[in-house]
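I sat down with this chain to look up a few things and to write each one out in full. My notes follow the order in which I took them.

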Amino acid sequence: MKHLHFLHLSCIVILSAALFSCHKIGGIIPHNPPETSATADSLSNILQFNDASKIEGQIPGGPSGSSLKISFEDTLFLVDQVKLPIKFLHTDTTENVSGVFLQVLALDGGSAGYYYDVPEIKDLDSSDTVSVIMIGVDPTGWEPPLSFNIVITPYDIDKKPIDQAIQPVKIMPHKNDLESAYGLELANNDTWDWVMSYIDSPAYFFISTPEKVWGADGQFIKGSCCAGISIYGTCPGSDSPNTHLHFNTFYQISGEQITFYNGNTFDRRTVERGAVPLPDQSDFCLPLEGITDSYQNETLYHGAYTTGPGFIMPDIKALGDSVVLKMQTQFSDPAGGGYGNGGGVIHYLDCRSLVLIQQDLEGFGQHLYKIYHSTIAEKWFDFN
């Protein structure tokens with residue numbers, strides 16, 4: 001089987017250094033904050049979040065010198081009509097991020113007259129060390145690229161600021177034309193790393209990341225203790241089990257990487273982790289955890305892909321998308337392992353990011369957005 005090649009790429013992006021420097025603001029907003037800016041208000045109004053609230057006035061100040069790390073370097077790049085994750089790594093449990101305060105600063109120095117309170121995504125708070133918020137943009141009425149700054153203040157469970165910094169933001173033009181974009185095949189056979197998948201419709205919300213642990217609370221399984229003998233089932237002559245045990249079961253998709261090659265072939269790798277219960281081997285007579293069997297399954301795939309016109313549902317076509325990526329797995333190792341990925345509509349593509357939309361062909365509008373970063377783009381960087 002063809003082996004996967006996961007080599008790093010130094011992706012050179014020439015940007016204006018004056019706009020895209022990331023600097024610390026000394027822990028607090030100045031006592032004489034910048035004047036309210038109509039431009040900053042207008043830019044702030046096009047930002048999109050999940051479950052955020054607006055608060056009038058200046059953003060609260062915060063300390064400096066935390067050990068927090070963030071998932072982007074220097075500049076936050078946003079894509080129209082897609083919510084992208086901002087991840088915070090907090091190995092120090094006293095710096096567990098429960099959300100952020102965020103305020104827009106225009107390049108002329110003016111600030112928005114309000115700031116956002118953005119809580120972390122609750123569906124992802126099973127991770128002890130990673131917190132995630134989502135931020136998107138609807139640039140209708142504007143002509144990207146657009147540049148501005150944001151003050152971002154992570155806070156703890158009591159909404160006490162942990163740190164504070166100014167981060168440059170750039171809203172990118174819509175890029176989904178394979179000829180004008182960088183292409184799916186990255187230099188040196190670099191890989192696309194899965195960052196997040198989500199469905200965000202009025203009727204349904206779903207989100208998954210490599211950090212997401214499904215069923216993190218485990219499960220209870222009933223059994224019996226019959227005169228000191230453990231039985232997974234019922235005691236002789238009994239109609240029902242007389243006790244139960246807790247089992248630390250879980251499931252996690254901890255990674256997916258895709259490498260596209262010239263010649264329209266691809267390699268793919270997925271990693272799944274979990275633990276399954278072993279009630280037959282557990283002792284229902286003891287006040288202990290049930291026995292589980294932990295696993296980590298790595299599956300390698302090889303196949304062929306095509307890009308071009310295809311069926312696109314009207315609501316996705318309205319976003320300006322016209323190219324469909326189709327991936328056909330030819331074999332996997334181990335056979336039958338892992339899970340499939342058939343590609344999707346290419347909504348955005350450059351050397352940093354690939355956004356695919358897996359269409360809801362049943363017409364409920366519950367499209368699955370799949371976000372990938374090139375391997376040089378998804379790392380941890382000092383928040384300070």
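These entries cover one helix, one sheet, several charged pairs and two single residues.

**Entry: the model.** I note at the outset that I am working from a predicted model, and I read each entry below with that in mind.

**Entry: helix α1.** I began with the helix that spans residues 38-45, and I asked which of its residues are buried. I found Ala-40, Leu-43 and Ser-44 buried in α1. Looking down the axis of α1, I saw that these buried residues fall within an arc of 100 degrees, so they line one face of the helix. I then looked up what the buried residues of α1 pack against, and the partners are the strands β1 (47-49), β6 (99-105), β7 (114-119) and β9 (146-155).

**Entry: a sheet of five strands.** I next followed an open sheet whose strands run in the order β1-β8-β5-β3-β23, with antiparallel pairing. At the edges of this sheet stand β1 and β23 (381-382), and each has a single partner strand, so one side of each is left without a neighbour in the sheet. I noted that β1 is also among the strands against which the buried residues of α1 pack. Within the sheet I looked at β5 (residues 84-89) and β8 (residues 130-137), which pair in the antiparallel sense over six bridges. Where these two strands run side by side, I found Leu-89 opposite Val-130 in β8.

**Entry: salt bridges.** I counted seven salt bridges, taking a side-chain nitrogen of Lys or Arg within 4 Å of a carboxyl oxygen of Asp or Glu as the criterion. I wrote out three of the pairs.

In one of them Asp-200 is joined to Lys-83, with the closest N and O atoms 2.9 Å apart. This pair links distant parts of the chain, since Asp-200 belongs to strand β11 (residues 192-201) whereas Lys-83 sits in the loop between β4 (76-79) and β5, 117 residues apart. I asked whether each partner is buried or partly exposed: Asp-200 is partly exposed at a relative accessible area of 34%, while Lys-83 counts as buried at 12%.

In another pair Glu-256 forms a salt bridge with Arg-268, and the closest N and O atoms are 2.7 Å apart. Here Glu-256 lies in strand β16 (residues 250-261) and Arg-268 in strand β17 (residues 265-277), 12 residues apart. Glu-256 counts as buried at 4% relative accessibility, and Arg-268 is buried too, at 1%.

I also wrote down the pair of Asp-350 and Arg-352, whose closest N and O atoms are 3.0 Å apart. Asp-350 is buried at 1% relative accessibility, and Arg-352 counts as buried at 12%.

**Entry: Phe-260.** I returned to strand β16 for Phe-260, which is buried with a relative accessible area of 1%. What does Phe-260 contact, leaving aside its neighbours within four places in sequence? I listed Leu-184, Glu-185, Trp-192, Thr-265, Phe-266, Tyr-305, Leu-325 and Met-327. For one of these contacts I looked up the spacing: Phe-260 and Tyr-305 are 45 residues apart in sequence, and their C-alpha atoms are 8.4 Å apart in space.

**Entry: Ser-201.** I closed with Ser-201 in strand β11, the strand that also holds Asp-200. Ser-201 is buried, at a relative accessible area of 10%. With neighbours within four places in sequence left aside, I found Ser-201 in contact with Gly-365 and Gln-366.

Key:
Residues are numbered from 1 along each chain as its sequence is written. This is a predicted model: local features need pLDDT of at least 70, side-chain atom pairs count only at pLDDT 80 or more; totals for chains, interfaces and linings use all residues. Side-chain values use heavy atoms; hydrogens and water are left out. Buried means under 20% relative accessible area, exposed over 50%, partly exposed in between (1.4 Å probe, protein chains only). Helices (H or I, at least four residues) and strands (E, at least two) are DSSP runs, numbered from the N terminus. The arc is that of the directions from the helix axis to the C-beta atoms. Contact means heavy atoms within 4.5 Å. Two strands pair if DSSP finds at least two bridges between them.
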